[in-house]
Amino acid sequence: MKIIVCIKQVPDAKDVRLDPKTNTLAREGVAAIMNPFDRHALEEAVRLKEQLGGTVTALSMGPPQAKEVLLEAIACGADEGVLVSDRAFAGADTWATSYTLAKAVQCLGTFDLILCGKQAIDGDTAQVGPGMAARLKLPYVTCVQKTREATPTFLQVERMMDDGYDVVQLPLPALLTVVKDINEPRVPSLKGKMKAKKAEIKVLSAADIQAEPQCIGLAGSPTKVARVFSPEPRGNRRMFSGTAAEQVAQLVAEIRGYL
């Protein structure tokens, strides 16, 4: 089975800041990590490879420094890493990103399964996975919490729902997005770290994946951030101080004053 895992390098949630001039995330001086949901997608891909045989390719779109998460993916069991990187991709929204990644997948050749995290913690849209599936004309299931059965021709999975879960069976090739409940990601082994240290990340440009200039980056993004701002305070506000018990007492007294 040939599996492709989409991985994104994102700012550490503890250090997220917005640049008011560009209306985008400020990445300078901010620690970057592998998107947590993608880590679970990677683990599931490696488990399927161990069960059925095959290969796992970690695919990422981003600046040159995104190679770091691909090397980390190799240390955790992926066989190779591919980075789609070009200045022309800058400013891409989810529409342009799903187009770019789909073109990269087509460039990589045949595959059986694409795995993605449910969403990225910097955007929280959960749109790129389904967008890729639509462009590649693949059956897909989102929010997968368990793989029940896996064969070279089909998968049976549990899709998380608000009131329980659905059991869905779909033919391969297909695309899944996964949630954190699906597994517990492994810690890179010494052997994996040594493999990653020697690995070379393949880099693909916009020309390499034959992307249309009008479909990538800011030019190919129908949604744009017009303004970023902090909401103005509204209404009367009171700040309570002291211990938790003291603050509760102050809050209760304040509420009683309005009754």
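How much area does the protein chain expose, and what share of it do carbon and sulfur atoms supply? The protein chain exposes about 14800 Å², and carbon and sulfur atoms supply 53% of that area. The model shown in these views is predicted.

**Figure 1. Overview of the protein chain with its six helices and 13 strands.** The C-alpha atoms fill a box of roughly 70 × 40 × 40 Å, taken along the principal axes. The protein chain has 259 residues, of which 42% count as buried. Among contacts between residues at least 6 apart in sequence, 69% join residues at least 24 apart. The chain carries 32 positive and 30 negative charges, and the mean positions of these two sets are 2 Å apart.

**Figure 2. Close-up of helix H1, residues 36-52.** With 17 residues at 1.5 Å a residue, H1 should span 24 Å; the C-alpha atoms at its ends are 25 Å apart, so the model agrees with the expected span. The buried residues of H1 include Phe37, Leu42, Val46 and Leu48. Charged side chains are also on the buried list, among them Asp38, Glu43, Glu44 and Lys49. After H1 comes Gly53, with a positive phi near 85°.

**Figure 3. Close-up of helix H4 (128-136) and the loop that leads to strand S9.** Gly129, Pro130, Gly131, Met132, Ala133 and Leu136 are buried in H4. The elements against which the buried residues of H4 pack are strand S1 (2-6), helix H3 (94-108), strand S8 (113-117), S9 and S12. Lys137 follows H4 and is placed in the loop between H4 and S9. Lys137 is not a glycine, yet its phi is positive, about 60°. Most residues other than glycine have a negative phi. Lys137 counts as exposed because its relative accessibility is 73%, against a cut-off of over 50%.

**Figure 4. Close-up of strand S9 (residues 140-150) and its pairing with strand S12 (residues 174-178).** S9 and S12 are parallel and are paired over three bridges. Val141 has Leu176 in S12 as its bridge partner. Thr142 also lies in S9. Is Thr142 buried, partly exposed or exposed? Its relative accessible area is 24%, so Thr142 is partly exposed, between the cut-offs of 20% and 50%. Leaving aside neighbours within four places in sequence, Thr142 contacts Pro130, Arg159 and Thr177. Pro130 and Thr142 are twelve residues apart in sequence, and their C-alpha atoms are 7.6 Å apart in space. Pro130 is also one of the buried residues of H4.

**Figure 5. Close-up of the antiparallel strands S9, S10 (residues 154-161) and S11.** Five bridges join S9 to S10, and a hairpin of three residues connects these two strands. Ala150 has Leu155 in S10 as its bridge partner. S10 then pairs with S11 over eight bridges, and the hairpin between S10 and S11 passes through two residues. Opposite Phe154 stands Pro171 in S11. In a regular strand the side chains alternate between the two faces of the sheet.

**Figure 6. Close-up of Glu158 in strand S10.** Is Glu158 buried or exposed? With a relative accessible area of 6%, under the 20% cut-off, Glu158 is buried. Leaving aside neighbours within four places in sequence, the residues in contact with Glu158 are Cys143, Val144, Gln145, Lys146, Arg148, Tyr165 and Asp166.

**Figure 7. Close-up of the cis peptide bond between Leu172 and Pro173.** The omega of this bond is about 5°. Most peptide bonds are trans. Pro173 lies in the loop between strand S11 (164-171) and S12.

**Figure 8. Close-up of Gln210 in the loop between strand S13 (202-204) and helix H6 (244-258).** Although Gln210 is not a glycine, its phi is positive, about 55°. The relative accessible area of Gln210 is 61%, which means that this residue is exposed.

Notes. Residues are numbered from 1 along each chain as its sequence is written. This is a predicted model: local features need pLDDT of at least 70, side-chain atom pairs count only at pLDDT 80 or more; totals for chains, interfaces and linings use all residues. Side-chain values use heavy atoms; hydrogens and water are left out. Two strands pair if DSSP finds at least two bridges between them. Helices (H or I, at least four residues) and strands (E, at least two) are DSSP runs, numbered from the N terminus. Buried means under 20% relative accessible area, exposed over 50%, partly exposed in between (1.4 Å probe, protein chains only). Contact means heavy atoms within 4.5 Å. Accessible areas come from the Shrake-Rupley method with a 1.4 Å probe; for residues, only the protein chains shown count as cover. Lys and Arg count as positive and Asp and Glu as negative; His and the chain ends are not counted. The place of a charge is taken as NZ of Lys, CZ of Arg, CG of Asp or CD of Glu. The expected span of a helix is 1.5 Å times one less than its number of residues.
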